[in-house]
Structure formats: C-alpha cells, structure tokens
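Reader: Please take a close look at one part of this model, the charged residues around one buried arginine and the helix beside them. I would like one connected account.

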Amino acid sequence: MSAPSEGVWALAARRLRGDRVGMTAIVVVALYALLVLAAVTGLAGAHWQQERGVSYAPPTLLGPAAPALPMPGLPAPSASAPLLDLSSVDPLAPRYREWDEATVRQSVETTTPAETLPLGGDRLGRSVLDKAIKGSQISILVGVLAAVVAAAIGTVLGALAGFLGGRVGDLLEWVYNVFTSIPGILLIFAFAAVAGRGVTSVVLILGLTGWTGIYRLVRAEFMKHAARDYVRAAEAIGASRTQRMFRHILPNVSHVVLVQLSIHVVGFIKYEVILSYLGLGVSVDQVSWGTMLAEAQSELILGYWWQIATATTFMAVFVTAFSLMTDALRDALDPKLRGLEG
C-alpha cells in the first residue's frame, strides 16, 4: 500500500523551511509583529507624546549637545539683578507676592528633561524611538488591514466574474476597466481629498482602490477551474453555485490570494507613508512613518538627522523583509513547482 501523498500546504511548508532567506525574513516580520502587539497593548511606544528630553536631544551614543553660546553684545543674565517696581503701572503687582507664596506651598513635581535620548529627540523633545515604535503600529496595521479589504473585494468580485460570466461578468469587467483607466496614485489622492484624514479613511481608500490586481488574477483562476472535473462532479451531486465557488474552487486558488495579499501589504504601507507625508494620511494626533518623515524634512536642514534615519531604517527593514517573505511564499506555493519534488 503506497503512502498518502503530501497536500499542497504540506509541500509548501517543506519548501519554505528549506529557504534560508525566506525563513530569516519570516523571523524579522514576526519580530515586527511582536513590536506592533507591544505598541497596541501599551508595553512599548505608549508615551511617544511625552516631552522627555530637551529640544532636538541627540542620540545617547553622540552624547549631549554643546551648550549654546550667548549672543555677542548682550549682557549675561544675573540672578541678583534688582527687580523693577511695577506697582505704579500694573494694578496686579501687589498680588504677585501672594501668588508666589501660594505657589511655593504647593508641591509640584518637576522632571528635568534629558540631555540625550536612546535614538534622539524631535523638536518638542519627544523620543524618536517611541515615535518609531508607535509609527510601526499605525503604518503596518494600515497596510495589513487595507490589503485584507482589497483582497476580500477582489476575491469576491473575481469569483463572481470568473464563475458566472455573462452579464455579471461584463458588468464587473466594466467596473474594473473604469478603475484601471485612472492612474492609481491619482485615484488614491482623489479619494483621500474626499474622505479626509484618519486611519479608517486611509484603510478604506487603499482597499477600495487596490483590489483590481487581485480581481484580475482570481477571475482568471475561477474561469480555469470552473470547467474542471471536480467542479462538474460537485455540480452533478447537487452543489449550489455558492458552494462550488467558495467551498470547492476557492481553496484551490487560495495560494494566489495569499501571495497577492502579501504583495499588497508592502505597496499599501508605501502609499500610507506618501499620504501621511503629504498631510492626507493619519490625523495630526497620531504618528506614522510618513508623519515622521514629514517632520524630519525641516529637521534635516538644521542638521538633526536622527529622526529621518530612524524612520527610514524601521521602514526599510520591514519592507525588505516582507518582500523577501512574499517571494518565498510565492515560490513555495507556485503550482508549477509541485512536480519538481521527488
């Protein structure tokens, strides 16, 4: 009796384990996922809005910045200089001493701003590291959620167009042609100008404009599988159209959807960065890699390079690792490679 053959997913997992670059990329993406989870739960990056250091605090490795020199020609401030008597021109002057005494009686906790921060600080003294961690949460979640929305829309519409055909297919092809006739970036800007700023708006904008590529591939796969024997057998035993589409055909084309989903995550993260950089992305009370790059533009002119370096490094490492992971998944799930396994 011959041993049962491995399934599609088992073969894909075996190929993936043999890809060292792909496995390394998966580990890096998993570390980013843990970082996002820590940011969501408040374990990391929760205090990114707090002013922890002095303005433009340099990274710790560089040490504190040199003290600013006094302007020539201006006298140095003296603590022993006599105060001016303003009682003749200020009606509130007699109350100043009373208010000073009341202030002294109150216990006010003050913190001295740090001269340096782990990866530096911004104009307000906020930690660049905390901003990068919180920005990772926003940018990655936007990319993933928008890709899920686009994959859901493209899969459902592609399944209907490929399996049903006829007038339904013609109508969906017309909608597809309308969306693809407009340059993608212009369509995104048009939707962004109408929907406004915010995470939800960005997710919906990217999801509603980025489904066309997935639709085209899923439609072709459903057209190919609709005429195969296992689908005709399901029809013969009384399976409905919905069952044949989503219970029989969809599992056999899910690898196409998965790979396209991964590819769209990278693309949507880049679009989110562009929108936030131009002021059309997340709201002003949130931070993402795009808003960090927008702030760092003016800082770089003044010589403060650490915010743009941190945001760029965080984004480049994740996008590169996710792209390599996508390539590894595509190679592992490619049906053309199944016959190469001995």
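Author: R126 has a relative accessibility of 13% in this predicted model, so R126 counts as buried, the cut-off being under 20%. D122 is buried as well. The side chains of these two residues form a salt bridge, with N and O 2.7 Å apart. R126 also has a second partner, E295, and here the N to O distance is 3.7 Å. R126 sits in the loop between α3 and α4, while E295 belongs to helix α11 (residues 289-301), so this pair ties together parts that are 169 residues apart in sequence. E295 has a relative accessible area of 29% and is therefore partly exposed. As a general point, side chains of opposite charge can pair when their charged atoms come close.

The two pairs belong to a network of salt bridges that links D122, R126, K131 and E295. K131 lies in helix α4, which covers residues 128-164. With a relative accessible area of 0%, K131 is buried. Beyond its neighbours up to four places away in sequence, K131 touches the other three members of the network, D122, R126 and E295. K131 also touches W48, V287, M292 and Q307.

Next to K131 in the sequence is D130, which takes part in a salt bridge with R52. The closest N and O atoms of that pair are 3.5 Å apart. R52 is in the loop between α2 (20-41) and α3 (93-105) and D130 is in helix α4, so the bridge ties together parts that are 78 residues apart in sequence. D130 is buried because its relative accessible area is 10%. R52, at 36%, counts as partly exposed. In total, the structure holds nine salt bridges.

Another contact of the start of α4 involves T310, a residue of helix α12 (residues 306-333). Leaving aside neighbours within four places in sequence, T310 is in contact with L119, V128 and A132. T310 is at 8% relative accessibility and so counts as buried.

Further along, α4 packs against helix α8 (residues 212-225) at an angle of about 35°. The two axes are 7 Å apart, and the crossing is right-handed. On the α4 side the contact is made by A150, A151, G154, T155, L157, G158, A159, A161, G162 and F163. On the α8 side the residues are I214, Y215, V218, R219, F222 and M223. By class, this contact has 11 nonpolar, four polar and one charged residues.

The confidence values vary along the chain. Among its elements, α4 has the highest mean pLDDT, 93, and α3 the lowest, 69. The average for the chain is 84, and 84% of the residues score at least 70. Over residues 337-342 pLDDT stays under 50. For that stretch the model has nine contacts beyond four places in sequence.

To return to the request, R126 is the buried arginine, and its salt-bridge partners include D122 and E295. The helix beside them is α4, which holds K131, and K131 is linked with D122, R126 and E295 in the network.

Definitions and conventions. Residues numbered from 1 in each chain as written. Predicted model: local features only at pLDDT ≥ 70, side-chain atom pairs only at ≥ 80, totals over all residues. Heavy atoms only, no water. Helix = DSSP H or I, 4+ residues; strand = E, 2+ residues; numbered from the N terminus. Buried < 20%, exposed > 50% of the residue type's maximum accessible area, 1.4 Å probe, protein only. Contact = heavy atoms within 4.5 Å. Axes fitted to C-alpha atoms, helices over the stretch in contact; angles between N-to-C directions. Left-handed = near helix turned anticlockwise from the far one by under 90°. Nonpolar A, V, L, I, M, F, W, Y, C, P; charged D, E, K, R; others polar. pLDDT = per-residue confidence, 0-100.
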